[in-house]
Amino acid sequence: MIDDPLNEDSAHIGVPLTGPPDDLLVASVEKVMREAADAEIMPRYRQLAAHEIAEKAGPHDLVTVADKAAEAHLTAALMELLPGSVVVGEEAVHADPSVYDALRGDVPVWIVDPVDGTRQFIAGDPGFCTLVALARGGELLGSWTYAPVLGEMATAVRGGGARLNGAPLRSGTPVPGAVLRVAMSHPDYTTPEQKRQLLGLRTEGIEARPCGAAGLEYLAVARGELDAVAFNWEYAWDHAAGLLLVAEAGGAQMTLAGVPYRIAGGNALPFTAARDAATARTVRLRLQDGS
């Protein structure tokens with residue numbers, strides 16, 4: 001990441017992707033995310049009218065005009081930054097599920113959740129964020145997590161480490177013998193079978209609680225405030241940015257099968273991401289107990 005604010009002359013537009021994002025592209029995406037939040041999200045924070053909120057799959061799966069407008073803003077700006085790239089956004093996939101197939105291709109893909117934690121956003125709670133990840137050929141290359149109310153911007157570059165507001169971010173390791181703090185899929189978003197799968201976390205030595213916005217839970221793992229997360233849904237927009245952030249902060253992740261999560265899907269669920277590999281293995285074993 002670069003320290004000086006970007007101006008129009010230095011914008012990273014039209015440069016093809018040849019590997020992980022460079023400092024200029026990282027900063028350009030940060031700028032785009034801040035602009036999208038300023039234009040489309042924050043003016044609606046604590047200002048939503050009832051007609052600006054709608055259900056998708058059910059009463060707990062909500063979308064707002066801010067989600068849709070921010071995704072449209074991000075889609076246009078990100079595709080301009082990187083020629084030949086495509087965008088897989090939560091709202092675009094809801095409208096056309098075939099959009100998700102781009103994650104299986106070889107072109108650069110931006111994975112976007114415009115408002116992660118829509119329920120918190122609707123409630124006027126500051127615990128929401130915007131998530132962007134960059135991938136190619138199934139490999140995560142860059143990660144951005146922006147919580148506008150909290151004033152936090154976390155970034156990660158494959159092989160380049162993780163940062164929070166410009167400072168290096170390290171997950172560390174839990175204190176030996178300490179109770180593991182784990183955030184797991186919220187019961188409002190899980191089926192009876194999925195709830196049963198998570199029962200293994202209700203055991204001595206683990207303090208499990210329902211998750212908030214997934215992106216902020218991953219950030220909590222990356223900064224060592226939370227020991228692990230466990231989720232039994234695999235939509236890439238919820239997980240891609242956070243998984244790379246945790247990995248570059250020194251953490252580890254694995255599915256129930258003991259292999260890395262694949263952004264294109266087909267994972268053995270639940271899966272976990274944790275501050276270190278030992279914690280990830282412990283959580284996986286407890287999840288196996290419930291499966």
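**Close-up views of rings, charges and strands**

**View 1. Tyr45 is buried at 10% relative accessibility.** Buried means under 20% relative accessible area, exposed means over 50%, and partly exposed lies in between (1.4 Å probe, protein chains only). The model is predicted, so local features need pLDDT of at least 70 and side-chain atom pairs count only at pLDDT 80 or more, while totals for chains, interfaces and linings use all residues. Residues are numbered from 1 along each chain as its sequence is written, and side-chain values use heavy atoms, with hydrogens and water left out. The whole structure holds 10 aromatic pairs, that is, rings of Phe, Tyr or Trp (its six-membered ring) with centres within 6.5 Å; planes under 30 degrees apart are stacked, over 60 edge-to-face, and the rest tilted. Tyr45 and Phe121 make a stacked pair, with 6.1 Å from centre to centre and 25° between the planes. Tyr45 sits in the loop between α1 (23-41) and β1, whereas Phe121 belongs to helix α4, so distant parts of the chain are linked across 76 residues. Helices (H or I, at least four residues) and strands (E, at least two) are DSSP runs, numbered from the N terminus. Phe121 is also buried, at 1% relative accessibility.

**View 2. Phe231 and Phe271 form a tilted aromatic pair.** The ring centres are 6.2 Å apart, and the planes stand at 55° to each other. Phe231 is in strand β12 (residues 228-231) and Phe271 in strand β14 (residues 271-274), 40 residues away along the chain. Phe231 is buried, with a relative accessible area of 0%. Phe271 is buried at 0% relative accessibility. Both Phe231 and Phe271 belong to a cluster of ring pairs that also takes in Tyr218, Trp233 and Tyr261.

**View 3. Lys56 and Glu91 meet in a salt bridge.** A salt bridge is a side-chain nitrogen of Lys or Arg within 4 Å of a carboxyl oxygen of Asp or Glu, and the whole structure has 13. The closest N and O atoms of Glu91 and Lys56 are 3.2 Å apart. The pair connects helix α3, which holds Glu91, with strand β1, which holds Lys56, 35 residues apart. Glu91 is buried at 11% relative accessible area, and Lys56 counts as buried at 18%.

**View 4. Glu152 and Arg223 form a salt bridge of 3.0 Å, N to O.** Glu152 is in strand β7 and Arg223 in the loop between α6 (214-222) and β12, so the contact ties together parts 71 residues apart in sequence. Glu152 is buried at 17%, while Arg223 is partly exposed at 27%.

**View 5. Arg196 and Glu193 are joined by a salt bridge within helix α5.** Their closest N and O atoms are 2.6 Å apart. The two residues are three positions apart in α5 (residues 192-197), so about one helical turn separates them. Arg196 is partly exposed at 36%, as is Glu193 at 41%. Elsewhere, salt bridges with shared partners join Lys56, Glu90 and Glu91 into one network.

**View 6. Strand β8 pairs with β7 and with β9.** Strands pair if DSSP finds at least two bridges between them. Four antiparallel bridges link β7 (residues 152-157) and β8, with Val157 opposite Gly161. Three residues lie between these strands in a hairpin, where Gly159 has a positive phi of about 80°. Two antiparallel bridges connect β8 to β9 (residues 167-168), and Leu164 stands opposite Ala167. This hairpin has two residues between its strands, and Asn165 has a positive phi near 50°. In β8 (residues 161-164), Ala162 and Leu164 make up the covered face, and Gly161 and Arg163 the uncovered one.
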